[in-house]
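Student: I have this model open at my bench and would like a close look at one part of it, the surroundings of the ligand. Could you walk me through that, and then place it in the wider protein?

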Amino acid sequence: MAGLDPENWEELRALGHRMLDDMLDNVKAVAAGPVWQPMPESVRQGFHDAPLPQSGAPVDQLYHQFTQQVLPYAVGNRHPRFMGWVHGGGTPQGMLAEMLAAGLNANLGGRDHAPVEVERMVIRWTASMLGFPETATGVLVTGSSMANFIGVITASRGVPAGVKMRAEGIQSRRLVGYAGQTAHGCIARAFDLAGLGTDALRRVPMDAAFRMDMDVLRSMIAEDRAAGFEPFLVVGTAGTVDTGSIDPLADLAAFARDEGLWFHVDGAFGALARLSAEYAPALAGMEQANSIALDFHKWAQTPYDAG
Ligand SMILES: *Cc1c(COP(=O)(O)O)cnc(C)c1O
């Protein structure tokens with residue numbers, strides 16, 4: 001074989017059509033099957049024991065393996081009775097879009113091409129949808145874990161104004177940030193990855209409605225300042241993973257402005273409630289955030305990964 005082209009385009013085309021039909025049938029019938037079924041030990045052992053291949057295998061053989069060993073043992077999020085409710089199910093339309101994107105295989109790191117303009121358009125639409133100003137920018141990433149990390153990094157490098165942390169690193173500065181007790185685990189991991197340390201994330205207790213307690217937040221910040229720490233960030237959650245509660249976002253926005261803190265919102269699934277006339281008022285203040293993380297692969301049901 002010369003180059004990367006298939007040896008036989010017609011065979012590959014026929015196989016591709018079969019895969020498409022099979023997968024559409026599978027998605028269409030998903031509700032009739034079990035939500036989830038355990039993987040037989042022999043199947044699991046097959047993955048564990050498989051040696052590193054020393055030569056290539058025909059695509060139809062790999063497809064057969066997929067239909068026997070992978071397809072029946074999926075996580076279950078496509079099923080209408082899957083109750084992990086922040087987890088998106090995907091759509092057949094999204095599946096086709098993934099095929100088109102893979103066919104183009106675009107690298108969005110820069111250069112002059114239409115796919116990068118599509119990303120910019122989606123970011124502009126997202127900002128507009130969430131009530132952010134036209135000057136807002138963003139980037140598509142794998143999910144809110146990565147988006148929250150970028151938020152923490154941006155906040156720590158930018159506040160207070162004039163620090164040279166990007167060049168000089170943290171050195172002996174004692175930066176601390178604040179999030180509710182029930183904030184997602186990725187916020188603490190973001191502090192770890194950013195080199196700030198997980199102790200630098202202060203966990204604020206929740207009030208009776210499972211929202212961040214503003215009075216306690218105020219006293220924690222005052223105590224930290226008195227002890228020589230440098231508060232730089234407060235993270236509000238718009239839809240916690242345990243109860244779905246929404247922190248007092250408008251109060252947090254005003255408080256952060258007064259205190260010179262960066263206000264970041266983790267709106268992983270809940271930010272999209274802004275599209276509902278009934279629930280949008282619960283998110284008032286979210287649009288004043290300095291940064292926000294949200295996912296399209298949860299309530300918006302796009303294929304993973306889309307943050
Ligand atoms: C899902 C979720 C995350 C993590 O998002 P990923 O897309 O899985 O990286 C963070 N915060 C909240 C509130 C979430 O629901």
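Tutor: Happy to! Let's begin with the surface as a whole: the protein exposes about 18100 Å², with 57% of that supplied by carbon and sulfur atoms. Accessible areas here come from the Shrake-Rupley method with a 1.4 Å probe, and for residues only the protein chains shown count as cover. A word on the source: this is a predicted model, in which local features need pLDDT of at least 70, side-chain atom pairs count only at pLDDT 80 or more, and totals for chains, interfaces and linings use all residues. Residues are numbered from 1 along each chain as its sequence is written, and side-chain values use heavy atoms, with hydrogens and water left out.

Now to the ligand. There are 13 residues around it (a residue is near if one of its heavy atoms lies within 4 Å), and those that come nearest are Ser-145, Asp-266, Asp-295, His-297 and Lys-298. Oxygen atoms of the ligand make polar contacts, meaning pairs of N or O atoms within 3.5 Å; within protein, one atom must be able to donate a hydrogen and the other to accept it, and residues adjacent in sequence count only if both atoms are side-chain atoms. A side-chain N or O atom of Ser-145 is 2.7 Å from a ligand oxygen, and for Asp-295 the distance is 2.7 Å. For the side chain of His-297, the value is 2.9 Å. On its own the ligand has 380 Å² of accessible area, and the protein covers 86% of this.

Next, a helix: Ser-156 lies in helix 6, residues 144-158 (helices are DSSP runs of H or I, at least four residues, and strands are runs of E, at least two, numbered from the N terminus). Ser-156 counts as buried because its relative accessibility is 0% (buried is under 20% relative accessible area, exposed over 50%, partly exposed in between, with a 1.4 Å probe and protein chains only). Its side chain is joined to that of Arg-157 by a polar contact of 2.7 Å. Leaving out residues up to four places away in sequence, Ser-156 touches Met-165, Leu-175, Leu-196 and Phe-232 (contact means heavy atoms within 4.5 Å).

Phe-232 is also among the residues that Leu-261 touches, as are Leu-233 and Val-234. Leu-261 sits in the loop between helix 10 (249-259) and strand 4 (262-266), and counts as buried at 6% relative accessibility. Leu-261 and Leu-233 are 28 residues apart in sequence, yet their C-alpha atoms are 5.1 Å apart.
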